[in-house]
Amino acid sequence: EGSADARIASQLQVEVGAPIIRVARLCTADEKPAIYCEDVIAKSLIKSEYTIKDLQFPIFHFLQQFCGVSAYQDLTDLKPIVADSVLSELLQIPVGSPLLFMDEVDYDIDGNPVFCSKEYFADGIFRHTVLRKKL
């Protein structure tokens, strides 16, 4: 739990200082750290009582069950970065190792933001492919 800083407030369209819930996850591949992810939800979205255990499920499940919303689409900014000391320790890689950073905001069907996420992908584990189509 915490409060929205200027960046999160802008992404979630809430006031700076609004109460939020931040959920951090470390995902592994072949038992090695592969992705570090921080999801953030505005507390104002939550409609029913929950426990810390309820936050262990994927964020999409939590949104549906406790907020009554579904993520329909997301807008994600992707960029390469290097691991600082915190990410180095979490992902068990040397400081300065390349990472793919994804700064994401997910929206419901009406275009309202439902959560934002920062995801850090360790190099050499995932392949990201983009399909672009003209409609």
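User: What makes up the secondary structure of the chain?

Analyst: In this predicted model, the secondary structure consists of three helices and six strands. Read from the N terminus, the elements follow the pattern β-α-β-β-α-β-α-β-β.

User: How do you know that the radius of gyration of the chain agrees with that of a compact globule?

Analyst: The rule is 2.2 Å times the number of residues to the power 0.38. With 135 residues, that puts a compact globule near 14 Å, and the chain has 16 Å, so the two agree. The C-alpha trace spans about 40 × 40 × 30 Å along its principal axes.

User: What share of the residues of the chain count as buried?

Analyst: A residue is buried when its relative accessible area is under 20%, and 40% of the 135 residues count as such. The accessible surface of the chain is about 8800 Å², and carbon and sulfur atoms account for 52% of that surface.

User: How are the six strands of the open sheet ordered?

Analyst: Their order is S1-S2-S3-S6-S5-S4, and the pairing is antiparallel.

User: Why are strand S1 and strand S4 called edge strands?

Analyst: Strand S1 (2-3) and strand S4 (73-82) each pair on one side only, and that makes them the edge strands. As a reminder, strands of a sheet pair through backbone hydrogen bonds, either parallel or antiparallel.

User: How do you know that S4 and S5 pair?

Analyst: Pairing requires at least two bridges between the strands. S4 and S5 have ten bridges, in the antiparallel sense, so by that definition they pair. One place to look is Thr76, which stands opposite Glu104 in S5.

User: What makes S5 and S6 a pair?

Analyst: Strand S5 (residues 98-107) and S6 are joined in the antiparallel sense over nine bridges, and the definition asks for at least two. To follow this pairing in the structure, find Leu99 opposite Ala122 in S6, or Asp103, whose bridge partner in S6 is Lys118.

User: Which residue in the hairpin of S5 and S6 takes a positive phi?

Analyst: That is Gly111, with a phi near 85°; the hairpin has five residues between the strands.

User: And how many bridges link strand S3 to S6?

Analyst: Strand S3 (residues 32-42) and S6 share six bridges, again antiparallel. Here Tyr36 stands opposite Tyr120 in S6.

User: Why is strand S6 called mostly covered?

Analyst: Strand S6 (residues 113-122) has ten residues, and nine of them are buried, each with under 20% relative accessible area. S5 is mostly covered as well, with eight of its ten residues buried.

User: Why is Cys27 called partly exposed?

Analyst: Buried means under 20% and exposed means over 50%. Cys27 has 34% relative accessibility, so Cys27 counts as partly exposed. Cys27 lies in strand S2 (residues 19-29).

User: What does Cys27 touch, leaving out residues up to four places away in sequence?

Analyst: Cys27 touches Lys32, Pro33, Ala34 and Ile35; a contact means heavy atoms within 4.5 Å. Ala9 is 18 residues from Cys27 along the chain, and their C-alpha atoms are separated by 26 Å.

User: What share of the contacts with a separation of 6 or more comes from residues 24 or more positions apart?

Analyst: Such residues account for 45% of those contacts in the chain.

User: How many positive and negative side chains are there?

Analyst: The chain has 13 positive and 20 negative side chains, and the centres of the two sets lie 5 Å apart.

Key
Residues are numbered from 1 along each chain as its sequence is written. This is a predicted model: local features need pLDDT of at least 70, side-chain atom pairs count only at pLDDT 80 or more; totals for chains, interfaces and linings use all residues. Side-chain values use heavy atoms; hydrogens and water are left out. Helices (H or I, at least four residues) and strands (E, at least two) are DSSP runs, numbered from the N terminus. Buried means under 20% relative accessible area, exposed over 50%, partly exposed in between (1.4 Å probe, protein chains only). Accessible areas come from the Shrake-Rupley method with a 1.4 Å probe; for residues, only the protein chains shown count as cover. Lys and Arg count as positive and Asp and Glu as negative; His and the chain ends are not counted. The place of a charge is taken as NZ of Lys, CZ of Arg, CG of Asp or CD of Glu.
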